[in-house]
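Thanks for sharing this one with me. Here are my notes, set out point by point, to read alongside the model.

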Amino acid sequence: MINYNGEILPSDNNLSSSNRAFLYGDGVFETLKIVNNTILFLEDHYFRLMASMRIVRMKIPNNFTLENLEAQILNLAKAQNCENSARVRFTVFRNDGGFYLPNTNSVSFQIQVFPLENALYSFSDAHYEVDLYKDFYIAKQLLSTIKTTNKMINITGSIFAEENDLQNCILLNNDKNVVEALNGNLFMLLGTKLITPPISEGCLNGIMRKQILQIAKKVESIEVIEEVISPFDLQKADELFITNVISGIQPITKYRKKEYKTDLAKEILTNLNALI
């Protein structure tokens, strides 16, 4: 089932062939997690969605209140009996009409909910190898910091990773600096410094990134810094890990010939589960 503009419909209810998200990537979305009938970090997701819609000049409907969107999501989760643990995709797209220039800036929305096996975040230090993806680069601009329905770099990078027996890839910007992973923000432990690229480098303004920054600042003997990371820094690091709302923290165990510890990632994940 899906929620389309507040109405719960069968999932085979197809969108219009003139849908602008399909034709032009004219849409934004949020990926959220439900635990025990509660949407994690809801306010952060809501304000990022509102900011994203403003950035791409969509008209925000009067009924797009935090309370209403929360109810729309939870109603669908309840209808699908997965309100205890679920993954949510909330997509907003500009209404049909026009070519590059839309006929209207009004929007519609669609919600999809998928059950998850585990409510809390689990830790895995199984083999997880990454490498750089250098076919395309992320632009250092505001659009790169939000979740739009144009994710071609992430798609082609995921194909590259599969073809090369990698579990993920690291994306670079036009300055050839490290930005993020294919599916989340990147953190690097170098000595006693936990470093992640600043938003100005073009990385996603991640919801889990924000939580990890707050949690890590409370860890003794660790200095948390937002600064530029070069590919050369990766091979000097003690730990690398990826963060997103669905997985929590995914440690990287190998980059090229370098293998990494996972101690800090495990400690922060324990604190994250305690938080939720």
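1. In which sense do β3 and β4 pair, and over how many bridges? The two strands run antiparallel to each other, and two bridges join them. In one place to look, I34 has I39 of β4 as its bridge partner. Please keep in mind that this is a predicted model.

2. The pair belongs to an open sheet of six strands, which reads β2-β1-β6-β5-β3-β4 and is antiparallel in its pairing. At its edges are β2 (7-9) and β4 (38-39), each of which pairs on one side only. Helix α3 packs on this sheet and touches β1 (2-4), β2, β3, β4, β5 (85-94) and β6 (107-115). The direction of α3 makes about 40° with that of β6.

3. Next, the internal space. The model has one cavity of 30 Å³ or more, and the largest cavity holds about 70 Å³. Its lining is made up of E30, L32, L42, H45, Y46, L49, L69, I73 and F90. Two or more lining residues come from each of β3 (27-35), α2 (42-55) and α3 (66-79), and α2 is the top contributor, with four residues. By class, the lining has seven nonpolar residues, one polar and one charged.

4. E30 deserves a second look, as this residue of the cavity lining also forms a salt bridge with R48, where the closest N and O atoms are 2.8 Å apart. E30 sits in strand β3 and R48 in helix α2, so their pairing ties together parts that are 18 residues apart in sequence. In total, the count of salt bridges comes to nine.

5. A second sheet is also open, with five strands in the order β9-β8-β7-β15-β16, and its pairing is mixed. The edge positions go to β9 (178-181) and β16 (258-259); each has a single partner strand, so one side of each is left without a neighbour in the sheet.

6. Within that five-strand sheet, where is a parallel pairing to be found? Look at β7 (residues 129-138) and β15 (residues 254-255), which pair in the parallel sense over two bridges. There, E129 stands opposite K254 of β15. Helix α4 (residues 152-163) packs on this sheet, touching β7 and β8 (168-173). The direction of α4 makes about 140° with that of β7.

Conventions
Residues are numbered from 1 along each chain as its sequence is written. This is a predicted model: local features need pLDDT of at least 70, side-chain atom pairs count only at pLDDT 80 or more; totals for chains, interfaces and linings use all residues. Side-chain values use heavy atoms; hydrogens and water are left out. On a 1 Å grid over the protein atoms alone, a cavity is a set of points where a 1.4 Å probe fits but cannot get out, and a pocket is an open set with protein on both sides within 12 Å along at least five of seven lines; lining residues have an atom within 4 Å of a point. Grid points are joined across faces, edges and corners, and a volume is the space filled by probe spheres set on the points. Ala, Val, Leu, Ile, Met, Phe, Trp, Tyr, Cys and Pro count as nonpolar, Asp, Glu, Lys and Arg as charged, and the others, Gly among them, as polar. Two strands pair if DSSP finds at least two bridges between them. Contact means heavy atoms within 4.5 Å. Axes are lines fitted to C-alpha atoms, for helices over the stretch in contact, and angles run from 0 to 180 degrees between N-to-C directions. A salt bridge is a side-chain nitrogen of Lys or Arg within 4 Å of a carboxyl oxygen of Asp or Glu.
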